[in-house]
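User: I am in my first year and would like a close look at a single part of this protein. Please keep the answer connected and go step by step.

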Amino acid sequence: DSARNGFSFKGIKDYLECYRSGKLTPSQVAKNIIAMLEDCDKSTPPLRAIVQWDQEQIMLMAEASTTRYRNKCTLSYLDGIPVCLKEEFKVVPYHHRVGTVYLGTEPETEDATVAKKLREAGAVIIGVSNMHELGTGTTGCNPNRYHKIPRNPYKPNHFTGGSSSGSAAAVAAGLCPVAIGTDGGGSVRIPASFCGVVGLKGTFGRISGHGSLPLSYSTVSVGPICTSVADAAIVYSILAKPDPLYPYGLKQPKATLSDMCAPDLKGLKLGVDWTFFKVCPGELRDALPVVYSVVEHLQSLGATVVEVTLPEMEEARVAHVICILSEMRDFLQPDFNKHFQEMNLDTRANLALASQFTALDYITANRQRTRSMRFLREIFSTVNCILTPAVPCTAPRIYESDLLTGSSDMSFTVRSMRFMQLGNFTGIPGLVVPIGYSSAGLPISLQVMAKWWDEAVLLRIGLKLEQFRYQTKKPSIYYDILA
């Protein structure tokens, strides 16, 4: 628990209190959500967070949960909790479109592993969320007929970030306290940062990606977007397990939340490379005093701050782009040939760029990965985590032309991924936590990264980071489902 002045997002705990006290049932909450989903589709502009939903499916899951509460035999902390999953995952009975107009022509008949685990935990899946087409961008701009552009709940004329755009918008707008995304170049952490909520990218392989489109097999991790660090920890503890259908995570150590709720940060060393904060432009550089205050706050709780240097970051960033784009181009080669005319313009541009990389580029990039992982091993022998800005800018504005033809701004894409790529390239986990707002009222976040499989330390530090923000501003689009 952390005290809040004024507005606070409704999280898992608020839902559980309503259900356990009998104030509301999951069925009543589901009816509220259905009414809100209808409303946000009709609003001007439409929110476009959830792109496929089914009233009957929502009510079936909610009624089953209501019965379990009545009989006092709930399945987990997620029983009755509304969740959504990025359209990249297979979720019965929705179309597995992955942000396109040409995939998923038939309704899905089999769940992805994460969807299956959420059902087994009693969660109420309210639908699948919008995403940047095929995960190829970081704005969330997707002008095609099935998707349209999701709006940032803090400022609806700004982007949500991508590619897990609808997931972050749904959580920030109050439609559900939990959403699941995928992250190959910041795709969970960028939209979470732009929308002022918490985003966790697990260690590569920690949460099963089985049943999501395997766009890039060496960079993509799965993770939750939530209203709080505690909620992210609950979801993580339920989803982070080996899956026989997903070989990358079979040998993982057991996921724990050890010391997460310790009263202080004594004994922890936080690595900070200050050059990262000083290179941020305009409004984020103006927020530097806030960052210094955050670091002082963590020190006051017993953490030691150690200055570190992350070597060869430019090389790692270029190598990450070569790896992710080469793997996406390899997987999407048949689509590029067959469905080129049906793709968004920026998707075509990115895949065309990807075709210019050679086998030699890919091999060299993977040699850089080995070097970067070795550097990180050395750094993590001296510190428990690394603190960086989340995104070096705030959510960009949506222009009229974006609604029609989309947005292709390569310099923005590169800039927005700047502090994200190291985690994807080397597989280490990362957590973004909101710490405040720009002068224009847009959210600003910090990122914490830790060594492989050490999500517990991220969550421990994340809880304390969360306490720093003395006030949470209410998004201009917000649905209070429990009101």
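Which residues are buried in helix α4 (residues 113–120), and what do the buried residues of α4 pack against?

Analyst: This is a predicted model. In helix α4, which covers residues 113–120, the buried residues are Thr-113, Val-114, Ala-115, Lys-117 and Leu-118. A residue counts as buried when its relative accessible area is under 20%. The buried residues of α4 pack against four strands, β2 (82–86), β3 (124–129), β4 (178–183) and β6 (221–226), and against helix α7.

Start with the end of the helix. Ala-121 sits in the loop between α4 and β3. Ala-121 is buried because its relative accessibility is 4%, and the limit for buried is under 20%. Beyond four places in sequence, Ala-121 is in contact with Leu-75, Ser-76, Leu-78, Asp-79 and Ile-238. Take Leu-75 from that list: Ala-121 and Leu-75 are 46 residues apart in sequence, yet their C-alpha atoms are 5.4 Å apart in space. Gly-122 also follows α4, and its phi is positive, near 90°.

Next, the helix among the packing partners. Helix α7 spans residues 229–239 and is mostly covered, with eight of its eleven residues buried. The buried residues of α7 are Val-229, Asp-231, Ala-232, Ala-233, Val-235, Tyr-236, Ile-238 and Leu-239. Ile-238, one of these, is a contact of Ala-121.

A further residue links several of these pieces. Ile-180 is in contact with Leu-118, and also with Val-235 and Leu-239, when neighbours within four places in sequence are left aside. Leu-118 is one of the buried residues of α4, while Val-235 and Leu-239 are among the buried residues of α7. The other contacts of Ile-180 are Cys-84, Leu-85, Lys-86, Phe-89, Ser-167, Val-222, Gly-223 and Pro-224.

These contacts can be set against the nonpolar core. The largest nonpolar core has 134 residues, and those with the most contacts inside it are Leu-78, Leu-85, Ile-126, Leu-175 and Ile-180. Two names in that group have already come up: Leu-78 is a contact of Ala-121, and Leu-85 is a contact of Ile-180. In soluble globular proteins, nonpolar side chains tend to be buried together. There is also a second, separate core of twelve residues, which includes Tyr-102, Met-131, Leu-215 and Met-343.

Now the loops around this part of the chain. Val-98 is found in the loop between β2 and α4. The phi of Val-98 is near 55°, which is a positive value in a residue other than glycine. Val-98 is buried because its relative accessible area is 0%. Further along, Leu-134 lies in the loop between β3 and α5 (165–172). Leu-134 also has a positive phi near 55° and is likewise not a glycine. At 0% relative accessibility, Leu-134 is therefore buried. The loop between β3 and α5 also holds Ser-163. Gly-162 and Ser-163 are joined by a cis peptide bond, with omega about 10°.

Another cis peptide bond, with omega about -10°, joins Thr-44 and Pro-45. Pro-45 is in the loop between α2 (26–42) and β1 (50–52).

For a wider setting, an unreviewed UniProt entry carries the annotation "domain: Amidase" for residues 35–459. In the model, that span is 38% helix and 14% strand, and its end C-alpha atoms lie 34 Å apart.

A pair of helices from elsewhere in the chain can be read in the same way. Helix α11 (residues 313–338) packs with helix α12 (residues 345–354) at an angle of about 115°, and their axes are 9 Å apart. By class, this contact has eight nonpolar, one polar and two charged residues. On the α11 side are Leu-325, Met-328, Arg-329, Leu-332 and Phe-336, which meet Arg-348, Asn-350, Leu-351, Ala-352, Leu-353 and Ala-354 in α12. Asn-350 is buried because its relative accessibility is 9%. Outside four places in sequence, Asn-350 touches Thr-136, Leu-325 and Met-410. Gln-333 lies in α11. With a relative accessibility of 30%, Gln-333 therefore counts as partly exposed.

To return to the request, Thr-113, Val-114, Ala-115, Lys-117 and Leu-118 are the buried residues of α4, and they pack against β2, β3, β4, β6 and α7.

Methods: Residues numbered from 1 in each chain as written. Predicted model: local features only at pLDDT ≥ 70, side-chain atom pairs only at ≥ 80, totals over all residues. Heavy atoms only, no water. Axes fitted to C-alpha atoms, helices over the stretch in contact; angles between N-to-C directions. Helix = DSSP H or I, 4+ residues; strand = E, 2+ residues; numbered from the N terminus. Contact = heavy atoms within 4.5 Å. Nonpolar A, V, L, I, M, F, W, Y, C, P; charged D, E, K, R; others polar. UniProt positions renumbered as here; feature names shortened; annotations may be inferred. Core = buried A, V, L, I, M, F, W, Y, C linked by side-chain atoms within 4.5 Å. Buried < 20%, exposed > 50% of the residue type's maximum accessible area, 1.4 Å probe, protein only.
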